[in-house]
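User: I am new to reading protein models, and I would like a close look at a single part of this one. Could you take me slowly through the metal site and the strands that lead up to it?

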Amino acid sequence: MRTLFLSLILCGAVLTTWAQKSIDVLYLTGHTDRYHSWQVLSEYQIALLNEAEIFTVEKVVLPDSVADIPVKFSDYDVVILNVNEVKWHPRLKKSFERYMRKGGGLVIVHEADNAFPEWKEFNKMVALGGWGNRAEQAGPFYYWTDAGYVTDYTSPGTAGKHGRRVPFVINVRDTLHPIVKGLPDKWLHVDDELYGDLRGPARNIHVLATAYSETKSGGTGKEEPVLFTVKYGKGRVFHCVFGHTKKGFDKSLRNIGYQIVFVRGTEWAATGNVTLPLPQCELSTDKPTLRSLEQITAP
Ligand code: ZN
């Protein structure tokens, strides 16, 4: 109650709720490429989940070899993948596919959609991915225009591109979806990598928000999907394509908009619903609202 009260008056303690039942989260991490830091991302994301007070997080750092960890996915309501360069044993892949088909939850942020380019079912789960030799065989490009969504099967080219790290406006496309309901239609995100030209099966995808990737900063010149959900069997996937992190760079994670959609997206992937309240602080297109790791973890 104390933290909820504070959330009503401070922009600080924003992600708290009355919800009683704990959501069991399996946080799988380790092995991002040299352009990213799974350590920095883990620290932020787990701090945000702990702050929300509705999650119980188990963090597992995957081994160096081909991962075949004795994990029972069905013990968890949602799995967060903070990996890209990692190999899983076929047994682990099959077990995860079963979990998802039966109604599991999955959260993918930024570089995690570069993972497993050869794993067909994973690519169905994430709907769109980049790099890792993904090209025409991976599926169509998928982006937004004023006339609607374009599923482009004909243009050639590899998957995955981003320009320089610049601020960009998030354009919410489904204002009624629980993850983004109550947020402004547009809000400014901080300097970050805006992934574009992603490719994938792009099936059962539901876009919550897009952002324009400017050519003047090296982007695609397209309105790219940046927040979306994917239905896989009875499972739910929340995919956030921004949130670049490396050692010494965590600015993207300090944007309160990112923090809100990450925890709400995790709750939605776990349960199909969102009970976490929105903070009282403003998101706007004028300037981003930032909150550091120290502020998140402050007692
Ligand atoms: Zn990145």
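Analyst: What follows is a walk from the metal site to the strands beside it, and then to some neighbouring features.

Please keep in mind throughout that this is a predicted model. The place to begin is the zinc ion, which is coordinated by H36 through NE2, by H110 through NE2, by E193 through OE and by H244 through ND1, at 2.1 Å. If you look for these residues along the chain, you will find the donors spaced in the pattern H-x73-H-x82-E-x50-H. Of these donors, E193 sits in the loop between β8 (186–192) and β9 (205–212), while H244 sits in the loop between β11 (235–240) and α5 (251–254), so this pair ties together parts of the chain that are 51 residues apart in sequence. Both E193 and H244 are buried.

What is the arrangement of the four donor atoms around the zinc ion? The angles that they subtend run from 91 to 153 degrees, and this makes the arrangement irregular. The reasoning needs one cut-off, because four donors count as tetrahedral if all angles lie between 85 and 135 degrees, and the upper end of the range here is 153 degrees. For orientation, the ideal angle for four tetrahedral donors is 109.5 degrees.

Now turn to strand β4, which covers residues 105–109. Five of its five residues are buried, so β4 is largely enclosed by the rest of the structure. Its residues point to two sides, with G105, V107 and V109 facing one way and L106 and I108 facing the other way, and all of them are buried.

Strand β4 has pairing partners that you can trace in turn. One of them is strand β3 (residues 78–82), which pairs with β4 in the parallel sense over three bridges, and here I80 stands opposite V107. The path between these strands includes helix α3 (residues 90–101), and β3, α3 and β4 together make a right-handed β-α-β unit. Another partner is β11, which also pairs with β4 in the parallel sense, in this case over five bridges, with I108 of β4 standing opposite H239 of β11. Strand β11 brings us back to the metal, since the loop between β11 and α5 is the one that holds H244.

That loop also contains G248, and G248 is worth setting beside H244. Whereas H244 is buried, G248 counts as exposed, because its relative accessibility is 83%. To give a sense of how far G248 lies from another part of the chain, G248 and D174 are 74 residues apart in sequence and 34 Å apart in space, counted from C-alpha to C-alpha.

The other loop to follow is the one that holds E193, which runs between β8 and β9. Strand β9 is mostly covered, as six of its eight residues are buried. With strand β7 (residues 166–172), β9 pairs in the antiparallel sense over two bridges, and V172 stands opposite A209 of β9. With strand β10 (residues 223–232), β9 again pairs in the antiparallel sense, over seven bridges, and there H206 stands opposite T229 of β10.

Next, consider H31, which lies in the loop between β1 (23–29) and α2 (38–52). Most residues other than glycine have a negative phi. In H31, however, phi is positive, near 65 degrees, and H31 is partly exposed, with a relative accessible area of 22%. A similar case to examine is W131, in the loop between α4 (120–126) and β5 (141–145), where phi is also positive, at about 60 degrees, although the residue is not a glycine. At 30% relative accessibility, W131 counts as partly exposed.

Finally, the aromatic side chains give you another set of contacts to look for, as the structure holds 17 aromatic pairs. One of these joins W144 and Y149, whose ring centres are 4.8 Å apart and whose planes stand at 70 degrees, so the pair is edge-to-face. Ring pairs also link F73, W88, F96, Y99, F116, W119 and F122 into a cluster. K222 lies over the face of F141, at 4.9 Å from the ring centre, and K222 also lies over the face of Y143, at 4.8 Å from that ring's centre.

Notes: Residues numbered from 1 in each chain as written. Predicted model: local features only at pLDDT ≥ 70, side-chain atom pairs only at ≥ 80, totals over all residues. Heavy atoms only, no water. Donors = N, O, S within 2.8 Å, 3.2 Å for Na, K, Ca; no water. Tetrahedral: all angles 85-135°; square planar, octahedral: opposite > 155°, others 65-115°. Helix = DSSP H or I, 4+ residues; strand = E, 2+ residues; numbered from the N terminus. Buried < 20%, exposed > 50% of the residue type's maximum accessible area, 1.4 Å probe, protein only. Pairing = 2+ DSSP bridges. Right-handed = clockwise from strand over helix to strand, strands pointing away. Phe/Tyr/Trp six-rings, centres within 6.5 Å; stacked < 30°, edge-to-face > 60°. Lys NZ or Arg CZ within 6 Å of the ring centre and 35° of its normal.
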